[in-house]
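This briefing concerns the fold, the charged side-chain pairs and the pocket of one protein chain. Please consult the sequence and the model while reading the points below.

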Amino acid sequence: RMLPGMQDIGRKCQEKRKAKKWTQAIASLHSGVHRTVISQIENGLYSGSLKVLTLYLNTLELKLSVQSAGIPQLDELEELFNDD
């Protein structure tokens, strides 16, 4: 079952991994995260530990950040209220 937000995280991870020209197997060697777990992360299906997710993100030179839900960001507001 897909968790909210995990699909976006997975998509970003896959983009970064492919930009490095790494297969999931190569990413597994660099990160120490099992290839099947990398597949789960990239497909938005991962529901394991934050430690493992962070380990993979760090390998890809990504970081996880937290923000309040429900408060639109500036770029989202611009899209909603485009006065041009």
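A salt bridge is taken here as a side-chain nitrogen of Lys or Arg within 4 Å of a carboxyl oxygen of Asp or Glu. By that criterion E61 and K20 form a salt bridge, because their closest N and O atoms are 3.8 Å apart. The model is a predicted one, and three salt bridges are present in the structure.

**Overall fold**

- The chain contains five helices and zero strands, giving the pattern α-α-α-α-α along the sequence.
- Of the 84 residues in the chain, 26% are buried.
- Among contacts with a separation of 6 or more, 58% join residues that are 24 or more positions apart.
- The chain has an accessible surface of about 6,300 Å², and carbon and sulfur atoms contribute 53% of that surface.

**Salt bridge between E61 and K20**

- This pair links distant parts of the chain, with the two positions 41 residues apart in numbering.
- E61 lies in the loop between α4 (50-59) and α5 (74-80), whereas K20 belongs to the loop between α1 and α2 (24-31).
- E61 has a relative accessibility of 60% and therefore counts as exposed, the cut-off being over 50%.
- K20 is partly exposed, with a relative accessible area of 27%.

**Salt bridge between R17 and E42**

- The side chains of R17 and E42 meet in a salt bridge with an N to O distance of 2.7 Å.
- Distant parts of the chain are linked by this pair: R17 is in helix α1 and E42 in helix α3 (residues 35-42), 25 residues apart.
- Both partners, R17 and E42, are buried, a term that denotes under 20% relative accessible area.

**Salt bridge between R11 and D8**

- R11 pairs with D8 in a salt bridge whose closest N and O atoms are 3.0 Å apart.
- Both residues, R11 and D8, sit in helix α1 (residues 6-19), and their spacing of three residues corresponds to about one turn of the helix.
- R11 has a relative accessible area of 40%, so this residue is classed as partly exposed.

**Largest pocket**

- The largest pocket has a volume of about 210 Å³.
- Its lining consists of G5, D8, I9, L64, S65, V66 and Q67.
- By class, three of the lining residues are nonpolar, three are polar and one is charged.
- D8 thus appears under two topics: D8 lines the largest pocket, and D8 also forms the salt bridge with R11.

Definitions and conventions:
Residues are numbered from 1 along each chain as its sequence is written. This is a predicted model: local features need pLDDT of at least 70, side-chain atom pairs count only at pLDDT 80 or more; totals for chains, interfaces and linings use all residues. Side-chain values use heavy atoms; hydrogens and water are left out. On a 1 Å grid over the protein atoms alone, a cavity is a set of points where a 1.4 Å probe fits but cannot get out, and a pocket is an open set with protein on both sides within 12 Å along at least five of seven lines; lining residues have an atom within 4 Å of a point. Grid points are joined across faces, edges and corners, and a volume is the space filled by probe spheres set on the points. Ala, Val, Leu, Ile, Met, Phe, Trp, Tyr, Cys and Pro count as nonpolar, Asp, Glu, Lys and Arg as charged, and the others, Gly among them, as polar. Helices (H or I, at least four residues) and strands (E, at least two) are DSSP runs, numbered from the N terminus. Buried means under 20% relative accessible area, exposed over 50%, partly exposed in between (1.4 Å probe, protein chains only). Contact means heavy atoms within 4.5 Å. Accessible areas come from the Shrake-Rupley method with a 1.4 Å probe; for residues, only the protein chains shown count as cover.
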